[in-house]
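Subject: Structure handover

Hi,

Here is the structure we talked about. Please open it alongside this note; what I found follows below.

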Amino acid sequence: MNLKYKFPENFWWGSAVSATQIEGASKEDGKGLNIWDYWYEKEPYRFFEGIGPEITSDFYHRYKEDIKLMKEIGHNSFRFSISWSRLIPNGNGNLNEKAIDFYNDLINELLKNDIEPFINLYHFDMPLELQNKGGFENRDVVDAYTEYAKTCFKLFGDRVKRWFTFNEPIVPVEGGYLYDFHYPNVVDFKRAVQVAYNTVIANAKAIKEFKKLNIKKGKIGIILNLTPSYPRSNNPADLKAANIADLFFNRSFLDPTVKGEYPKELIELIKSNNLLPIVFDGDKDLIKNNTVDFLGINYYQPRRVKAKACMPNPESPLLPDDFFDNYEMPGRKMNVYRGWEIYEKGIYDIAINLKENYNNIESYISENGMGVQNEERFIKDGIIQDDYRIDFIREHLIWLHKAIEEGCNVKGYHMWTFIDNWSWTNAYKNRYGFIQLDLKTQKRIFKKSAYWIKEVAKNNGFN
Ligand code: BG6
């Protein structure tokens with residue numbers, strides 16, 4: 001078919017989910033507690049309408065039915081995460097046989113339906129016992145993670161060829177150690193830096209194990225939420241502020257995991273603010289020698305930055321925002337439900353940056369999407385008419401197509417997500433799925449966008 005926006009052959013069409021957000025069965029079949037189970041028990045009022053992670057979209061019981069739906073809307077690939085606390089309830093030690101069965105069945109069912117499984121090992125869900133030992137602040141927990149990763153490679157590496165060490169590793173740093181939206185709700189820049197650094201070490205150690213095991217034809221990567229930092233203007237003060245935001249939020253993971261070293265400017269910045277982490281002998285080589293094979297890019301919104309207007313209160317804790325102000329660009333297009341700007345060209349800018357500055361590393365869009373509140377108001381003829389979501393995807397795909405035409409090494413597009421799921425503290429406030437979830441009955445109903453993406457995937461493009 002002659003299409004205006006035709007994508008390369010074997011392009012990955014699919015979606016992504018994470019264990020805690022979709023599986024439910026949070027206390028069934030021997031699963032251990034993770035930080036989300038625990039935080040919800042302790043402070044249920046921090047979660048929208050008091051909804052926690054116990055049931056979510058019940059994927060643990062309904063995965064076969066859901067895989068059929070994925071197949072029907074044209075998925076040829078699907079990313080899910082393994083719940084560390086389901087597989088190894090204490091985080092370290094005995095394996096849970098029921099979890100092994102579940103993930104084996106899930107992988108086999110996907111393959112049976114010609115959907116390639118992509119596995120992510122960590123999606124914000126630290127086992128509680130390990131968090132009690134300090135989480136990623138503690139190098140012993142880094143070693144426990146490495147063991148867990150090795151276990152997964154051995155159990156599932158005969159069938160799974162695409163692996164990820166982490167999803168958005170900067171987010172637990174921001175949420176748990178800077179801005180109070182993840183457990184353990186610490187506000188401490190120095191500890192945040194240590195967690196970020198140790199996560200980079202955990203990534204390198206897992207990659208080292210992966211290479212040792214020589215998983216046949218397998219590739220290992222990391223998923224980063226690359227949020228381009230656009231300065232308000234070309235004023236040097238604005239440019240400096242945007243560069244600092246880029247160093248903190250993008251290059252802090254992008255450079256060590258892809259290039260094998262931290263940007264010198266970032267090290268200087270961290271050092272001059274007395275934030276340097278504890279480093280072990282041999283870390284530098286470990287990071288240098290164990291970089292990723294490919295990248296997942298999550299893109300939702302840009303970051304707009306301007307020079308700081310006021311001196312920060314000297315008594316308030318130091319935060320990245322002490323170095324820049326966020327900038328609300330007049331005229332910006334917003335997803336008002338999530339409070340995120342929609343800027344489609346950002347996806348192109350990220351791909352071009354990877355091409356020009358990161359050796360055009362293989363990548364794909366591992367998440368992109370639009371969470372909308374009260375979608376029932378758009379129901380007509382029994383179907384949510386989510387034209388806004390179709391426009392959102394189409395516009396992003398047009399920019400992605402342009403990037404590919406210009407030589408960017410982008411292999412696919414995964415949507416967040418195939419069925420409405422539990423959005424952490426936002427619970428079921430904003431809905432992201434191609435498929436509507438009736439929370440009371442667990443019924444699944446296609447939205448208009450599900451029919452649309454089905455055609456796009458079938459034709460490998462659109463007009
Ligand atoms: C990404 C995460 O940050 O964005 C997902 O990988 C998350 O876990 C998604 O659900 C959408 O964000 P939110 O906060 O609206 O759920």
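A polar contact here is a pair of N or O atoms within 3.5 Å. Keep in mind that this is a predicted model.

Ligand contacts come first. A polar side-chain atom of tryptophan 416 is 3.4 Å from an oxygen atom of the ligand. The pair therefore falls within the 3.5 Å limit for a polar contact. For histidine 123, a side-chain N or O atom lies 2.9 Å from a ligand oxygen. Glutamate 367 also places a side-chain N or O atom 2.9 Å from an oxygen atom of the ligand. On its own, the ligand has 380 Å² of accessible area, and the protein covers 92% of that.

Now the surroundings. The ligand takes up the space of the largest pocket. Around the ligand are 14 residues; Gln21, Glu168, Arg338, Ser423 and Tyr432 come nearest. By class, the shell holds 6 nonpolar, 5 polar and 3 charged residues.

Last, the cysteines. How many disulfides does the count come to? The count is 0, with the rule asking for two cysteine sulfur atoms within 2.5 Å. Are cysteine 152 and cysteine 408 buried or exposed? Cysteine 152 has 0% relative accessibility, so it counts as buried. Cysteine 408 is at 5%, so it counts as buried too. The cut-off for buried is under 20%.

Best wishes

Note on methods:
Residues numbered from 1 in each chain as written. Predicted model: local features only at pLDDT ≥ 70, side-chain atom pairs only at ≥ 80, totals over all residues. Heavy atoms only, no water. Near = heavy atom within 4 Å. Polar contact = N/O pair within 3.5 Å; in protein donor to acceptor, adjacent residues only side chain to side chain. Areas by Shrake-Rupley, 256 points an atom, 1.4 Å probe, with all protein chains shown as cover. 1 Å grid on protein atoms, 1.4 Å probe; cavity = no way out; pocket = protein on both sides within 12 Å on 5 of 7 lines; lining within 4 Å. Sits in = over half its atoms within 2 Å of the grid points. Nonpolar A, V, L, I, M, F, W, Y, C, P; charged D, E, K, R; others polar. Buried < 20%, exposed > 50% of the residue type's maximum accessible area, 1.4 Å probe, protein only.
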